[in-house]
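Work through the exercises below with the model open beside you. Try each task before reading its solution.

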Amino acid sequence: MSAADREAALQDDIFPVTLGVCLDAEAIWLAIDPASVDRPAHLSHGSFEVEEGLAPFLALLDRHQVRATFFVPGSTAERYPDAVRKIRDAGHELGAHNYTHRTPLKLSPAEEREELVRGLDALERITGLRPITWRSPSWEWTPATHDILLSEGIAISTNFHDRLGPYRHHDGGMPLPLVELPVQWHLSDAIYFMHGGRMERVVRTAAEVHDLWMEEFEGLYDWPDAFFHLTLHVGLMAQPGRLRMLDRLLSTLKGRQRVRFMPACEIARRVR
C-alpha cells in the first residue's frame with residue numbers, strides 16, 4: 001500500500017460526531033400556540049436562549065474546538081440578527097429551520113414551500129449565506145417535501161429515523177442530490193428536558209442523560225457505518241448544570257481515537 005493509500009484509509013476510518021443545535025427562541029412557543037403572543041412570561045422561555053444561553057453555549061463549543069450545525073427559523077433570525085451573525089462568525093454551519101416553527105403536516109404544499117423559502121431568504125439576507133442543510137420543525141415530511149427540497153437547493157436533510165448512519169436519498173433506484181443525516185429521539189435533549197409548564201412531563205437529571213448518551217455512543221462507535229448525531233436546543237442545554245454535563249461529554253468523546261466532530265455539511269460530503 002502506498003503512502004497515499006494509507007493516508008486515505010486513515011481518513012476513512014473515522015467516527016463522525018455531529019451536533020445539530022436548534023436556536024428556536026420564541027418561534028417554537030408561538031407555533032405550539034399562537035395565542036402565546038400575549039403571554040410574555042411564557043415566551044421568556046424563548047428569549048432566554050438568546051439573552052442568557054447562547055453566549056456560554058458558543059463559548060463551550062469554542063473551548064472544545066467543535067463546529068456544529070445551528071438550525072434557526074427565519075423569524076428568529078429576523079428577531080435576533082446579531083445572534084445569528086455570532087453563530088456564523090464562530091465558524092458554525094447555519095441550517096434552515098423554515099420561517100416559523102409550524103409543522104409541515106398542517107400546511108398546504110404552497111404554504112410548505114413558502115415556509116422553507118422565507119426561512120432561507122431570511123438567513124441569507126442576514127448572514128450572506130444560503131443554507132443547504134434543513135431540519136423540519138417536528139422532523140416531519142409531507143408527500144410534497146421531497147420535491148420542494150430539491151427544487152430549492154437543499155442538499156442535506158436531518159429528519160428521518162430509519163438508519164444509524166448517513167445515506168443518500170434515491171428515487172426509482174437512482175441517487176439524488178439529497179443526503180440524509182438520520183436522527184433519533186433518544187439522542188435529542190427535548191424528550192428529557194422539555195417541560196413548558198406541562199406538569200405531566202418529568203424532567204430528567206443531566207447525569208442520567210449523560211449516561212444514556214454515553215451508552216448509545218459506545219454502541220454506535222463499534223457499529224459499521226454509524227455516526228453519533230445529537231440534537232440539542234440552546235434553550236434546554238444552556239442551563240448551567242447541563243452545560244457542565246455537555247462539557248464532560250464532549251471531553252470524553254474527544255478522547256476517542258476515531259472521533260471527528262463535523263458539521264452536517266462536512267459529513268454529507270463523505271456520502272457517495
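## Exercise 1: a strand and its partners

All 8 of the 8 residues of strand E1 (residues 15–22) are buried, so E1 is largely enclosed by the rest of the structure. Buried means under 20% relative accessible area, exposed over 50%, and partly exposed in between (1.4 Å probe, protein chains only). Strands (E, at least two residues) and helices (H or I, at least four) are DSSP runs, numbered from the N terminus. This is a predicted model: local features need pLDDT of at least 70, side-chain atom pairs count only at pLDDT 80 or more, and totals for chains, interfaces and linings use all residues. Residues are numbered from 1 along each chain as its sequence is written, and side-chain values use heavy atoms, with hydrogens and water left out.

**Task.** Sort the residues of E1 by the way they point, then find the strands joined to E1 by bridges.

**Solution.**

1. Start with the two sides. Phe15, Val17, Leu19 and Val21 point one way from E1. Pro16, Thr18, Gly20 and Cys22 point the other way. All of them are buried.
2. Apply the pairing rule. Two strands pair if DSSP finds at least two bridges between them.
3. Take strand E8 (residues 228–233). E1 and E8 pair in the parallel sense over 6 bridges. Within this pairing, Gly20 stands opposite Thr231.
4. Take strand E9 (residues 259–261). It runs parallel to E1, and 3 bridges join the two. Pro16 has Arg260 of E9 as its bridge partner.
5. Take strand E2 (residues 69–72). E1 and E2 run parallel, joined by 3 bridges. Here Cys22 stands opposite Phe71.

## Exercise 2: one strand further

**Task.** Follow Phe71 of E2 to its bridge partner in E3 and describe the two faces of E3.

**Solution.**

1. E2 and E3 run parallel, with 4 bridges between them.
2. The bridge partner of Phe71 in E3 is Gly95.
3. Strand E3 covers residues 93–96. Glu93 and Gly95 lie on one side, Leu94 and Ala96 on the other. Both faces are covered, and these residues are all buried.

## Exercise 3: the cysteines

**Task.** How many disulfides does the structure hold, and why is Cys22 not bonded to Cys265?

**Solution.**

1. Set the criterion. A disulfide is a pair of cysteine sulfur atoms within 2.5 Å.
2. Count. The structure holds 0 disulfides.
3. Check the distance. The closest cysteine sulfur to that of Cys22 is in Cys265, 16 Å away, which is too far for a bond. Cys265 is in no disulfide either, and its nearest cysteine sulfur is that of Cys22.
4. Check the burial. Cys22 has a relative accessible area of 2%, so it is buried. Cys265 also counts as buried, at 15% relative accessibility.

## Exercise 4: two helices

**Task.** Describe how H5 and H6 cross, then place Ile126 in their contact.

**Solution.**

1. Choose the descriptors. Two packed helices are described by the angle between their axes and the distance between the axes.
2. Fix the convention. Axes are lines fitted to C-alpha atoms, for helices over the stretch in contact, and angles run from 0 to 180 degrees between N-to-C directions.
3. Read the values. The axes of H5 (residues 81–89) and H6 come within 10 Å and cross at roughly 75°. H5 and H6 are therefore roughly perpendicular to each other (65 to 115 degrees).
4. List the residues. H5 contributes Pro81, Val84, Arg85 and Arg88, and H6 contributes Leu123, Ile126 and Thr127 (contact means heavy atoms within 4.5 Å).
5. Focus on Ile126. It is found in H6 (residues 109–127). At a relative accessible area of 13%, Ile126 is buried. Leaving aside neighbours within four places in sequence, Ile126 also touches Ala77 and Glu78, among its contacts.

## Exercise 5: positive phi

**Task.** Where are Ala25 and Trp139, and are they buried or exposed?

**Solution.**

1. Ala25 has a positive phi of about 55° although it is not a glycine. It is found in the loop between E1 and helix H2 (26–32). Ala25 counts as buried, at 0% relative accessibility.
2. Trp139 has phi near 60°, a positive value in a residue other than glycine. Its loop lies between strand E4 (133–134) and helix H7 (145–151). Trp139 counts as buried, at 8% relative accessibility.

Methods: Parallel < 35°, antiparallel > 145°, perpendicular 65-115°, else oblique.
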